[in-house]
Every structure is written in C-alpha cells, then in structure tokens.
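Reader: Got a minute to walk me through this one? I'd like to start with a local detail and work outwards.

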Amino acid sequence: YGTVSFDNVSLMPVDTVPSDYEGEVGVLRTSADYTLSNGGSVTFVVLGTILTPALAYAAFMLIRKFTKSDNGFDPEGGKPQMSNKGFMLFVGAIVAGFVIRFVILLCCYGMGSEIDDMATAALAYASNGISTAFTNTSLNNYPAGTAYVLWILGKIAQLMGVESGSMGMSMLMRIPTVIADLIICYTVASFAFQEREDEKSAVIFGWIYAIFPLFFTFGAMYGSYETIAILFLALTLISMLDKNYIACGIFYVFSLLFSYYALLALPVVLTFEIVTLIREIDVTSKDGEVSEIKAAKKNILTIVLTMVGGFILYYVVTLPMSLSNIKQGNVFYCFKQIYAFFKTSALLNTDTFNLYGIFGAANSTSRNTLLEICNWLFVTGICVATAVAYYRSKDRSDLVLFAAATFALYSALGAQATVVTMPIAAALLLLYLAMVPD
C-alpha cells in the first residue's frame, strides 16, 4: 500500500505466480475462492451492480419501442421470413455472445473452488467409472446429467493430459455451459420471431441474452451447469405452449437431470398436464363430435404415458449411478438424492437474504425444523397459486410467467437462496416477454 510513480512500475511475464501475490478480482486468480461476499470480488460486484440495472432498463426500452405490439399469428398459416439484414443482425447476436464468452473463458479462471471441485469430480469419474457418481460422498453433489458430462470431460482431460487446477481444465469444464448459453440465445430469439412475426423482436431478444451480464457471467465465468437446465426448461415451456405433451415431459426430465432446482418448475408442468387431462376427460364425457372425442382420448393417453414415461426415463438414466444403492434395498435412491439436496440446503448462506434471515437464522449451519416447515409451506403456496391461477385463466402463456415467478420468489425468500436460481428466473422471464404483446 502507498504511492508509487508510474516510472517505477515494471511489467514482465513470469512462469509462476509469486506466493505473496494478492489480486483484486478473485475470478482472475486460481488460488482463491470467488463468492459474492469476499473482498476479492468487490470490483466485479460493483461493476455488475451498476451495469445490470442500466442494461435491464435499456433492454426494456428497446422491447417497448421497437417490437410489435400485436401477438398475432399468420392467419394463412405461412411462416414469416426474415430479411437478409435481419438475419445478419440475428447471427451477429450469436457471434457477439460467443466472443464475449470466449474472452471470459480465456481471461477468467472461473469460480475458484467450484471449478476445482468439478475438475476433481470429472477426473474421478473418468478413473473410477460413472457408477461412483452417487456413491462417493465427496463427489455426489452433481445431478446425473451433469455427472455424465463431467465424466466425458474427464476422459477428454486424461487423453489430452490436462491437469486439475490448470487454466486448460477450467476452460474445459465451462465449454458445455457456453455451448448451452449460445443455444439458449438462439432459442429465445427464434421464439420471439415465431411469436411476434417480427424480425426486430428476434434481433433485440437475441442481443439482450447475448450481452446481458447476468447470463454470460452465470454460464461462461461461473461455469454453472444450471445453464444447461435453463435450456431444457425453456424447451419444456415452448413445448407446453405448442401442446406437445411428449416433448414437454422429455425436456423437463432432462432439465432435472442437470439441476435439482428444476424441481421448482414441476408444479407448473404438473398443472399443465393435469388441468389438460381434466378438460380432455370432460370432453369425452359429453356428447360431441366423434373426431373431438377421439382426439381427446388420444391426448389423455399421451399425457398419462408421458407422466409415467418421465418417471421411468429419469430412473433409467440415473440407474448406473444408483445401482449399488438399489442392490442394498434403496430402490428409489435417485429420487431421495433430490430431496436430500433441498434438505441439505435448508440454511442461509453469506451471499443472500432469505426466509431464514427474516427469522434471524442467518449464516447458521444448524437447521431449524420449524423454519424447514415454513419453507415447504411457502413452496406449497406457490404450487397452489399456480394451479388455481392457470385453471381460471386457461392461458398457457401464464404458465411461463408462473415458472419465472416461482424461481424468483424462491431465490428471494426460499431456503438457501443462491445466485443459481435467479438467473433461471431471469431467462424464463425473458422468454415470457418474447411472447406477450405489450
């Protein structure tokens, strides 16, 4: 500390970082953990705090000013075509998103211990087999889908000789999240074009997702595999809007395979399936057109098979990791993993203020049974509100808003609110804005 003349500053490349080096931005250091509460991340948090509201307001003004106010579909059933200029701007959003994320991959190590833990797990899975993903207590925190990806990356790292703790390993761990992020950018933009039939809407929503700090920080720097879950959740909701029951079920199962937090969207999915089921049963009980009754029966069968098939699909995908526990009589171990995840998270961390903080249990590692009950009652209340609201409105677009609101409310008030659930809420909210007329 003190004053130094510019002329006395010497910059030169070094092979190793000095042991007494102290950086100011934690994400640029491989030896320090990054959290929103430590001093090493102050610079990033301040910049993010300033830029994010500014960009959010700019995005809001762009949506209001340049997108169409009507939400009409082509009455003749034709698909709108994007002009060459619009297509180039659309591609530009994808390219810009890639460049930003690629620079972050090259310049930032990521979330310190989080990246190191993923690398350790990846190499362990590659050496010992994917079956150890749920049996090794120190490496069983990852959902099955994430574990499979880490297993593949671990194999690649072994073949290429990439070591844990290296910048190369950090980049390798975050490549899947960057790919998922770019696909989300394309999905949101193309969905906006489909719903609004306006190329300006597609361009604006594509650029918003591409350059918004919350999204590229979450995927490219934080390296959160919840980014992959966001992709599948978005596809789940889009399939829901299209009444594609089978795709809706499959995409939702895959979202849960990459993030246990996707369980918070289950009330929305079940509400859609069950309310639709009730309505179709009602159609078959009345005298009507033979074709309508036949279509209703087909939908009933499809929905029932989708719900049962989703349960089986999740069970089968997780079977290689759960087999040893199943042999010990723990038949539904893969589902107990989900419950254990939420139960373990029933406390407040240092980065947020939630329901536990309201009751004065901040930063406590001990769980309070009464507060756990309050938390589950809170989640149950969200589920009931979603079901009642959709049953009354009968508007499937409301389900997208309910899904975004569920993640946002849980992030703000639920137990173990983290930086993980709010980006999910923001992405789903952007999807909702892409379809509403005003």
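Author: Sure. Right after helix 4, Gly161 adopts a positive phi of about 75°. Helices here (H or I, at least four residues) and strands (E, at least two) are DSSP runs, numbered from the N terminus. This is a predicted model, where local features need pLDDT of at least 70 and side-chain atom pairs count only at pLDDT 80 or more, while totals for chains, interfaces and linings use all residues. Residues are numbered from 1 along each chain as its sequence is written, and side-chain values use heavy atoms, with hydrogens and water left out.

Reader: OK, and how many residues does helix 4 have, and how far does it reach?

Author: Helix 4 has 17 residues and covers 24 Å from its first C-alpha to its last, close to the 24 Å expected at 1.5 Å a residue. That expected span is 1.5 Å times one less than the number of residues.

Reader: Which residues of helix 4 are buried?

Author: Ala144, Gly145, Thr146, Ala147, Val149, Leu150, Leu153, Gly154 and Ala157. Buried means under 20% relative accessible area, exposed over 50%, and partly exposed in between (1.4 Å probe, protein chains only).

Reader: And Ile156, how does that one count?

Author: Ile156 sits in helix 4 and counts as partly exposed, because its relative accessibility is 32%. Its C-alpha is 8.9 Å from that of Ala126, with the two positions 30 residues apart in sequence.

Reader: Where's Asn141, and is it buried or exposed?

Author: Asn141 is in the loop between helix 3 (112-128) and helix 4 (144-160). It has 55% relative accessibility, so it counts as exposed. Between the C-alpha atoms of Asn141 and Ala121, which are 20 residues apart along the chain, the separation is 9.7 Å.

Reader: Switching to Ile100. What does it touch?

Author: Leaving out residues up to four places away in sequence, Ile100 touches Ala210, Ile211 and Phe216; contact means heavy atoms within 4.5 Å. Ile100 belongs to helix 2 (residues 84-107) and is partly exposed at 25% relative accessibility. Ile100 and Ile211 are 111 residues apart in sequence, yet 7.5 Å apart in space, C-alpha to C-alpha.

Reader: What span should helix 6 have, and what does it have?

Author: The 13 residues of helix 6 (residues 199-211) should span 18 Å at 1.5 Å a residue, and the end C-alpha atoms are 18 Å apart, so the two agree. Its buried residues include Phe205, Ile208, Tyr209 and Ala210.

Reader: How do helix 11 and helix 12 cross?

Author: The axes of helix 11 (residues 290-317) and helix 12 (residues 319-327) come within 6 Å and cross at roughly 80°. Axes are lines fitted to C-alpha atoms, for helices over the stretch in contact, and angles run from 0 to 180 degrees between N-to-C directions. The two helices are therefore roughly perpendicular, a label for 65 to 115 degrees (under 35 is roughly parallel, over 145 roughly antiparallel, the rest oblique).

Reader: Which residues meet there?

Author: Tyr315, Val316 and Val317 in helix 11 meet Leu319, Pro320 and Ile326 in helix 12.

Reader: How many disulfides?

Author: Zero, a disulfide being a pair of cysteine sulfur atoms within 2.5 Å. Cys248 is buried because it has 0% relative accessibility, and Cys334 is buried at 2%.

Reader: And the big picture, how many helices and strands?

Author: The protein has 17 helices and zero strands. Of its 438 residues, 46% count as buried.
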